[in-house]
Every structure is written in structure tokens, then in C-alpha cells.
Amino acid sequence: MTSEKTSVDFWFDPSCPWAWMTSRWVDEVAEHRDLDVTWHIMSLAVLNEDQDVSEEYRAFFPRALRYTRLVAAAAELHGQQIVKPLYDALGMRIHPGGSTDSDEVIAGALAEVGLPAEFASYADSEEYDPQMRASHFDGIERVGQDVGTPVIAVNGVAFFGPVISPAPTGEMALTLWDGVVAAASYDGFFELKRSRTRGPQF
């Protein structure tokens, strides 16, 4: 166990169930390890805007984009400290809550974090798209285009994932974390993968 603070950057799309579970794991680890976590927005809609994806998946992008725009606006207008609470409030409604009503999700999340109801207008505004895209590409450019969300950087070394289900807790969470930190410490480590055999388990 080290007493040194570990710098962590975490890029998420609020709609992504895999990012949600990874973020819950990071929260669990942060209770037992000295982490300095900075949360950043990224966008599955932006990631796939030029990709050949199914119509069903593409139909989900407008809703996802509303959440990313809302978080980007909150970050610009209220600072980094609002990003994680807003992500938590949105994610609890989207993932364990199972809501697909973005108006309902946004209204509840804004109330929870103490932002005014009219702030919801930023979900449909392109005003902070440049900042949202800059954050997105900052994460993606560290790992390459053939990935998704989440992107995590540990002490400056970035990778996609880990993709986990369900999010581990207790000693297993720490065992996985220490393994990830060890892998990230080797400059020549690039890829470790197997096919998913289960869906998101919240």
C-alpha cells in the first residue's frame, strides 16, 4: 500500500452503463486508496457521428447528447466540483433507475444538485459544444479512436475501460485497482481483452 496520491482522470458519457459501473468501482476504491480523481465529459454521439452504426443505436444519440451538453454547461458555469455530483444524479436515474425520459432525469438531477430548473435549457443548447468536444477528444486522443467509454488515465497513462459487470466491492475492488495501476505503470502495455459474457448488472 502506498501513501502517494494517485492521479486519476475519468472520461464518461452519462448514458453509458459500462462507464457507470466503472465509476462506481472507482468510488469504492477511493474510500480505501488516496486517489485524486478528476471527472471529464465525453460523448458516445460524438464518438460515433461518422461511424456506420445501427439505426437503433443512432436513435439513442439525441438523448445521450442532452446529458453530455448539460454536464458540459455545468462544468463551464459552475466549475469542476459540480461534474461528479451531477453525473451521480443523472446516472442513478438512468442506470439503476432505468429512466429513458430525459426531461424527467434532467429535472430530478438538477434539483438534487441544487441547480435551477431552467438550467435544463442547456441540454438542448450547442453553446458549450466546443468545450464538450474538446473534453471528449482530450480523452480519446490519449487512447485511440477504436474505443468507447470510459477512458481512465492513471498517473497520466490512459486506457479504455476496464469494462466490468457488476462493479466489484471490498477487497476485490482493491485487487482489481492495484492490477490496473500495475499495468498502467508499464509503458509498453497496450491491450488485454476478452468477449463480454454478461450485460450491465447494476
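This report describes the aromatic contacts and the largest pocket of a predicted model.

## Aromatic pairs

Nine aromatic pairs are found in a search of the whole structure. In one of them, Trp-39 and Tyr-87, the ring centres are 6.2 Å apart and the planes stand at 55°, so the pair is tilted. This pair joins distant parts of the chain, since Trp-39 belongs to strand 2 (residues 35-41) and Tyr-87 to helix 4 (residues 83-94), with their positions 48 residues apart.

Trp-39 counts as buried because its relative accessibility is 7%, under the limit of 20%. Tyr-87, at 0% relative accessibility, also counts as buried. Both residues belong to a cluster linked by ring pairs, together with Phe-10, Phe-12 and Trp-20.

## Charges over the rings

Each ring of the tilted pair has a charged side chain over it. For Trp-39, the charged end of Lys-84 sits over the ring, 4.9 Å from its centre. For Tyr-87, Arg-24 lies over the face, at 5.8 Å from the ring centre.

## The largest pocket

The largest pocket holds about 1,400 Å³ of space. It is lined by 36 residues, and those closest to its centre are Phe-160, Pro-162, Val-163, Leu-192 and Lys-193. Two or more lining residues come from each of helix 1 (17-30), helix 6 (129-143), strand 4 (157-160) and helix 7 (170-184). Helix 7 contributes the most, with five residues.

By residue class, the lining of the largest pocket comprises 22 nonpolar, six polar and eight charged residues.

Notes: Residues numbered from 1 in each chain as written. Predicted model: local features only at pLDDT ≥ 70, side-chain atom pairs only at ≥ 80, totals over all residues. Heavy atoms only, no water. Phe/Tyr/Trp six-rings, centres within 6.5 Å; stacked < 30°, edge-to-face > 60°. Helix = DSSP H or I, 4+ residues; strand = E, 2+ residues; numbered from the N terminus. Buried < 20%, exposed > 50% of the residue type's maximum accessible area, 1.4 Å probe, protein only. Lys NZ or Arg CZ within 6 Å of the ring centre and 35° of its normal. 1 Å grid on protein atoms, 1.4 Å probe; cavity = no way out; pocket = protein on both sides within 12 Å on 5 of 7 lines; lining within 4 Å. Points joined across faces, edges and corners; volume = space filled by probe spheres on them. Nonpolar A, V, L, I, M, F, W, Y, C, P; charged D, E, K, R; others polar.
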